[in-house]
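This report describes a protein–DNA model, taking up in turn a helix, the contact of the chains, the domains and the DNA surfaces.

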Protein chains: 2
Amino acid sequence: MNNPTRTPVSRRSRPAKDPLSQEVIVKTAFDLLEREGSSGLSMRKIAKALDTGPSSLYVYVKNLEELSTYVLDYGLGKLVLPPAADGSWQSNLFDALNAYLTVLYESPGLAELALTTIPIGPHSLALMEYILARLDEGGASSISAAWGVDLLLLYTASVAFEQTSRDRMGTTLQTITETFRSLDPLRYPMIAALKDVMFSGDETGDLQRFRWGLEAILRGVLQTGDKAPGRDVNA
Amino acid sequence: MNNPTRTPVSRRSRPAKDPLSQEVIVKTAFDLLEREGSSGLSMRKIAKALDTGPSSLYVYVKNLEELSTYVLDYGLGKLVLPPAADGSWQSNLFDALNAYLTVLYESPGLAELALTTIPIGPHSLALMEYILARLDEGGASSISAAWGVDLLLLYTASVAFEQTSRDRMGTTLQTITETFRSLDPLRYPMIAALKDVMFSGDETGDLQRFRWGLEAILRGVLQTGDKAPGRDVNA
DNA sequence: ACCTGAACACCGTTCAAGT
DNA sequence: ACCTGAACACCGTTCAAGT
């Protein structure tokens with residue numbers, strides 16, 4: 001059975017199993033998240049995909065929560081921020097948040113992570129830094145910028161989350177609209193009157209609504225500044 | 001073994017086990033949520049607390065998701081909205097959202113539900129109706145009111161969620177502040193410059209910050225109105 | 001140092017069987 | 001109509017044992 005010519009034949013009949021590493025684990029986890037949504041993000045599924053046992057992962061990752069923060073940041077790696085040199089600070093800001101929204105749309109489950117895990121990875125920080133810089137350009141005070149960036153990121157992530165969780169289960173949307181349609185207009189007159197406006201629904205309407213919210217927040221953030229907090233909102 | 005006097009003796013030697021009902025299930029679930037946070041909300045734990053098997057619950061409740069919406073609304077039952085007759089619409093609005101925030105603070109896990117499940121129960125709707133009415137009083141357009149109410153509720157719930165999830169795990173807060181403290185100021189100059197403002201931290205600061213956000217959103221919502229969407233935010 | 005197997009203590013949901 | 005037991009197909013995490 002030996003090869004008499006002793007041609008060096010690799011003892012590895014097939015490529016060696018990739019050794020584990022934090023990087024492969026995060027990448028695999030992200031793939032699962034993209035393919036199956038947030039329920040795909042489980043230690044056991046990741047382990048199975050890597051052809052090993054779940055306990056092996058704990059060498060590279062403290063627990064699922066820590067892994068989640070890595071996965072979020074890995075997903076945010078796709079984010080491309082517009083060059084700050086081009087365009088106004090406002091359009092750059094809108095474009096950046098739009099890009100954020102798009103990334104969250106494209107990987108179902110990522111929006112939930114963005115809402116649930118602490119964004120302290122390099123890509124999260126880069127986005128934060130970018131937005132802070134645009135707000136600063138726009139003349140926002142330190143407080144406005146520091147607190148406003150949270151508001152803007154939260155808003156964007158939650159719009160994405162609402163959308164993706166609506167897609168996930170088609171039933172839910174029906175439940176909602178049915179509920180609102182059958183409301184007692186005497187008990188909930190405002191809701192009854194506005195129910196059509198509240199659910200624009202179509203995709204173009206969604207984007208328009210997203211933009212509307214962004215503008216509203218931005219206006220408010222820039223104007224509220226660090227004036228003495230007063231009761232009068234319209235002053 | 002028979003009682004010869006035939007005195008009517010209850011066959012029930014102890015009070016009959018409360019028959020199951022959606023109401024007891026929801027109440028028990030909420031108690032668990034309050035005591036153990038969101039991880040306490042499980043079919044099996046609820047069943048155990050009711051001294052039955054998990055399968056029994058499915059007679060009264062479709063699944064955990066549906067139950068979650070009931071639990072959220074049950075928790076919101078504690079919400080007391082200020083009488084609309086007293087005070088200005090603005091102070092009523094602030095008070096209502098403050099009450100909402102307080103309820104979410106007081107029942108750990110409720111904030112997560114508010115962010116995650118669809119609020120179509122009567123108490124959620126009452127809160128929504130109340131806020132819509134105040135915005136209407138304040139002269140908001142239909143669109144501003146309809147879209148603004150979402151923004152205000154989302155903001156409040158997320159402030160509560162961030163706070164409660166910070167309390168849950170004391171480690172996390174340290175991780176965050178450490179990360180921000182050790183950031184490279186060359187790579188993230190804005191974050192480095194503003195890191196102290198971003199984490200006011202103390203409780204009074206939290207409330208102040210909450211109020212600041214509310215005012216910012218309100219300002220923006222009222223002003224953005226239904227003007228033609230323009231690029232210029234400051235106009 | 002890394003990986004494995006096996007175990008522990010959990011999940012949600014279904015379903016045939018009982019009353 | 002309601003409740004039960006048992007099962008199915010999952011979870012995250014730990015730990016002694018191997019190499």
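A:Arg134 and A:Glu137 are 3 residues apart in helix H6 (residues 122-137) of chain A, so about one helical turn separates them. Helices here are DSSP runs of H or I with at least four residues, numbered from the N terminus. The side chains of A:Arg134 and A:Glu137 meet in a salt bridge with an N to O distance of 2.1 Å; the term denotes a side-chain nitrogen of Lys or Arg within 4 Å of a carboxyl oxygen of Asp or Glu. Over all chains, the whole structure holds 12 salt bridges.

The model is a predicted one, in which local features need pLDDT of at least 70, side-chain atom pairs count only at pLDDT 80 or more, and totals for chains, interfaces and linings use all residues; side-chain values use heavy atoms, with hydrogens and water left out. Residues are numbered from 1 along each chain as its sequence is written, while chains are lettered from A and ligands numbered from 1 in the order in which they are written.

**Contact of chain A and chain B**

The size of an interface is often given as the accessible area lost when the parts come together. Chain B and chain A bury about 6300 Å² between them, and carbon and sulfur atoms account for 67% of it. Buried area is the accessible area (1.4 Å probe) that two parts lose on being put together, summed over both. To this contact (heavy atoms within 4.5 Å) chain A brings 67 residues and chain B brings 67 residues.

Across the interface of chain B and chain A there are 2 salt bridges. A:Arg209 forms a salt bridge with B:Asp150, with the closest N and O atoms 2.7 Å apart. Between the two chains, 11 residue pairs are in polar contact, both residues being at pLDDT 80 or more. A polar contact is a pair of N or O atoms within 3.5 Å; within protein, one must be able to donate a hydrogen and the other to accept it, and residues adjacent in sequence count only if both atoms are side-chain atoms.

On the side of chain B that touches chain A, the elements giving two or more residues include helix H4 (89-106), helix H7 (142-168) and helix H10 (203-224) of chain B. That side of chain B has 38 nonpolar, 18 polar and 11 charged residues. In this classification Ala, Val, Leu, Ile, Met, Phe, Trp, Tyr, Cys and Pro count as nonpolar, Asp, Glu, Lys and Arg as charged, and the others, Gly among them, as polar.

**Domains of chain A**

Chain A is assigned domain 1 (17-76) and domain 2 (83-224), with bounds that come from an automatic or database domain assignment. The C-alpha centres of the two domains of chain A lie 28 Å apart. Contact between them joins 14 residues of domain 1 to 18 residues of domain 2, and the area buried is about 1300 Å², 66% of it given by carbon and sulfur atoms. A:Leu72, A:Asp73 and A:Leu76 supply 47% of the area that domain 1 of chain A buries against domain 2 of chain A, more than any other three residues.

Between these domains of chain A there are 0 salt bridges and 4 residue pairs in polar contact, both residues at pLDDT 80 or more. On the side of domain 1 of chain A that touches domain 2, helix H1 (22-36) and helix H3 (64-76) of chain A each give two or more residues. The largest share, 8 residues, comes from H3(A).

**Surfaces near the DNA strands**

A residue is near a strand if one of its heavy atoms lies within 4 Å of it. Around DNA strand C there are 16 residues, of which A:Thr52, A:Ser55, A:Tyr60, B:Arg44 and B:Lys45 come nearest. Around DNA strand D there are 16 residues, and the nearest are A:Arg44, A:Lys45, B:Thr52, B:Ser55 and B:Tyr60. Helix H2 (residues 43-49) of chain B gives the most to the surface near DNA strand C, with 3 residues; for DNA strand D the largest share, 3 residues, comes from helix H2 (residues 43-49) of chain A.

The table lists polar contacts to the two strands.

| Protein atom | DNA atom | Distance |
|---|---|---|
| A:Thr52, side-chain N or O | strand C, phosphate oxygen | 2.3 Å |
| A:Ser55, side-chain N or O | strand C, base oxygen | 2.5 Å |
| B:Arg44, polar side-chain atom | strand C, base nitrogen | 2.6 Å |
| A:Leu64, polar backbone atom | strand D, phosphate oxygen | 3.0 Å |
| B:Ser55, polar side-chain atom | strand D, base oxygen | 2.5 Å |
| B:Ser56, side-chain N or O | strand D, phosphate oxygen | 3.3 Å |
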